[in-house]
Amino acid sequence: MQYISTRGGGERVSGAEAIFRGLAPDGGLYLPESIPSLTPALFHELCGLDYIGRAERILGLFLDDYTPDEISSCVRGAYQDGFQDNCPAPLAKLSEGTYLLELWHGPTCAFKDMALQLLPGLLTTAMAKVGGGKEAVILVATSGDTGKAALEGFRDVPGTRILVYYPQEGVSTMQRRQMETQQGGNVWVTGVRGNFDDTQNGVKAIFGDQALREELAKKNLLLTSANSINWGRLLPQIVYYISAYCGLVTDGELGHNQPVNFCVPTGNFGNILAAHYARRMGLPIGKLLCASNRNKVLTDCIRTGIYDRNRPFYCTSSPSMDILISSNLERLLFELCGSDGAAVAALQRDLAGRGRFVLPDQAVQTLDRGFWAGFCDEQGTADTIREVFTRCSYLLDTHTAVAVQVAGQYQAATQDTTPMVIVSTASPFKFPRSVLEALGIADLPDDDFALARLLADRTGTDIPGPIAELEQAPRRFEGVCAGDEMTAALRAFLNR
Ligand SMILES: *Cc1c(COP(=O)(O)O)cnc(C)c1O
């Protein structure tokens, strides 16, 4: 299997090379040249396997330059022990025909663990194959959950160092605390003044700094990314869509080949894109519902074909979706533009220059066939948390609540009765204040851990271990830098 760039430049590369580089030399994102198919025989086989077995099989299809043993050791390293009850992606039934795919039972209590527990294995294996003995310096811009998950995944992994930048405006208190207390000899964390887009742009600028890259290369260091622009982030996410479908079939909830819709709370468009790849492999997915919060740039794009980031940026109660530049959309654009890399490059130039692009008509029609989009404001998010808890005794986090709301909007608008899986991306205990406020509980304490205890108490749920443990953990990283000091922060980290 070979990988190509969304901007059409450069050579085809192996899976290891794509994962090792992160970004293609022409600035594009890597994607597989063809999509393997989920044959009936393979589907049958997958249904008989556990999550680890399914992940091994599916990864093997995309990474044929990795040996089965290598894949197996990466997958086992990721999913063998790190997830609660050894069940990385359990399904909960909310009501007849509506399910939640819970992806937050890993070490940092958000769905980013699904990929970031696996990426370090994939990356270090790639480095051994094609890295020429270099050490990887992983840079991450986070809207809250990626940073912690990447730190946890890469901590003390030999041959790697990791630096996480998080926007000072935007992450939740619990998310910040998770990062400030990170353990590990090869990690560093810094706040950045500004929002997520500022932070992500800063990291992109560092990647684009050719002189810096050369300087680092002389020290045998290679900059790479653990953001979802890396193919190694997306690939593990395909697995849980297929696995969820297998689970519904083996549990008798779905008939053979019966279509299902997925509703995905979306920010950078990575998670939902993985679902799209599962559909292209042949998984019977009907519609993919793209759920946004008030930062509804994707809703507008899917409805109108115009992507326009010239709009106010809102800090919401679902901070991991506060994004106006959805990097992974570029991979879908490549398909929508008929694999025309030059056309994608032109759209990205428009986006960089004028902050907007307009999709060709035919692309809008293709998009419309596969996707439906909706958004949910702050009030709707809070109402949904309260309503679902009252009706189903199920406690949603703010991001998942956005998706539950949008799934309801879709069903009301279309009368489509296809079974629906809503992707649940974080534990409610990462956002205890917003969740308590949504439940209408007054006189809230200031301290986040007091909030978490109150939430547990009032809802009869348990605080996840990784969150409870933070309270006693010492803070190691409390520094903040300006957007134009991000390179200096990197230098300081490397010279330590
Ligand atoms: C990252 C994140 C999202 C958005 O996922 P994308 O892949 O960026 O679309 C949604 N919910 C939570 C809790 C997240 O951490």
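Reader: Let us start with T266. Where is T266 found?

Author: In this predicted model, T266 is found in the loop between β9 (260-265) and α12 (270-281).

Reader: Is T266 buried or exposed?

Author: T266 is buried, because its relative accessible area is 4%, and the cut-off for buried is under 20%.

Reader: Which backbone atom does its side chain reach?

Author: The side chain of T266 reaches the backbone oxygen of V264, at a distance of 2.7 Å. Beyond its neighbours within four places in sequence, T266 is in contact with I272, C290, A291, S292, L298 and M321.

Reader: Now the ligand. Which residues come nearest to it?

Author: There are 15 residues around the ligand, and K112, D145, G267, N268 and T425 come nearest.

Reader: What are the polar distances for K112, D145 and T425?

Author: An N or O atom in the side chain of K112 is 2.6 Å from an oxygen atom of the ligand. For the side chain of D145, the distance from such an atom to a ligand oxygen is 2.5 Å. With T425 the ligand atom is a nitrogen, 2.9 Å from an N or O atom in the side chain.

Reader: And how much of the ligand does the protein bury?

Author: The protein buries 97% of the 380 Å² that the ligand exposes when taken alone.

Reader: Changing topic: what about the overall fold? How many helices and strands are there?

Author: The protein chain has 22 helices and 15 strands. Its C-alpha trace spans about 60 × 50 × 45 Å along the principal axes.

Reader: How does the radius of gyration stand against that of a compact globule?

Author: The protein chain has a radius of gyration of 21 Å, which agrees with the value near 23 Å for a compact globule, given 496 residues. Of those 496 residues, 61% count as buried.

Reader: What share of the contacts links residues 24 or more positions apart?

Author: Such pairs account for 74% of the contacts in the protein chain with a separation of 6 or more.

Reader: And the surface: what part of it belongs to carbon and sulfur atoms?

Author: Carbon and sulfur atoms hold 47% of an accessible surface of about 18100 Å² for the protein chain.

Reader: Turning to the interior, which members of the largest nonpolar core touch the most others?

Author: That core has 115 residues, and Y79, I238, Y241, I242 and L359 touch the most other members. Helix α11 (residues 231-250) gives the most to this core, with 13 residues. Apart from it lies another core of 43 residues, including M174, I385, A403 and A438.

Reader: Is there a general reason for such clustering?

Author: In soluble globular proteins, nonpolar side chains tend to be buried together.

Reader: What does L359 contact, sequence neighbours aside?

Author: Leaving out neighbours within four places in sequence, L359 is in contact with C301, G305, L333, L336, L347, V364 and L367.

Reader: Next, Y99. Which strand holds Y99, and is Y99 buried or exposed?

Author: Y99 lies in strand β4 (residues 98-102) and counts as buried, with 4% relative accessibility.

Reader: With which side chain does Y99 make a polar contact?

Author: The side chain of Y99 makes a polar contact with the side chain of E253, at 2.6 Å. Y99 also contacts residues distant in sequence, among them L248, P419 and I422. I422 is 323 residues away along the chain, yet the C-alpha atoms of Y99 and I422 are separated by 6.1 Å.

Reader: One last topic: backbone angles. What is the phi of C109, and that of D443?

Author: C109 has a positive phi of about 65 degrees although it is not a glycine. D443, also not a glycine, has a positive phi of about 55 degrees. Most residues other than glycine have a negative phi.

Reader: Where do they sit: C109 and D443?

Author: C109 is in the loop between β4 and α5 (112-116), and D443 is in the loop between α19 (432-438) and α20 (448-459). C109 counts as buried, at 2% relative accessibility, whereas D443 is exposed, with a relative accessible area of 76%.

Reader: Which residue with a positive phi follows α10?

Author: N220 follows α10, and its phi is near 70 degrees. At the start of that helix (residues 210-218), a side-chain oxygen of D209 reaches to within 3.3 Å of the backbone nitrogen of A211.

Conventions. Residues are numbered from 1 along each chain as its sequence is written. This is a predicted model: local features need pLDDT of at least 70, side-chain atom pairs count only at pLDDT 80 or more; totals for chains, interfaces and linings use all residues. Side-chain values use heavy atoms; hydrogens and water are left out. A nonpolar core is a set of buried Ala, Val, Leu, Ile, Met, Phe, Trp, Tyr and Cys residues joined through side-chain atoms within 4.5 Å. Buried means under 20% relative accessible area, exposed over 50%, partly exposed in between (1.4 Å probe, protein chains only). Helices (H or I, at least four residues) and strands (E, at least two) are DSSP runs, numbered from the N terminus. Contact means heavy atoms within 4.5 Å. A residue is near a molecule or strand if one of its heavy atoms lies within 4 Å of it. A polar contact is a pair of N or O atoms within 3.5 Å; within protein, one must be able to donate a hydrogen and the other to accept it, and residues adjacent in sequence count only if both atoms are side-chain atoms. Accessible areas come from the Shrake-Rupley method with a 1.4 Å probe; for residues, only the protein chains shown count as cover. The radius of gyration is taken over C-alpha atoms; the globule rule is 2.2 Å times the number of residues to the power 0.38.
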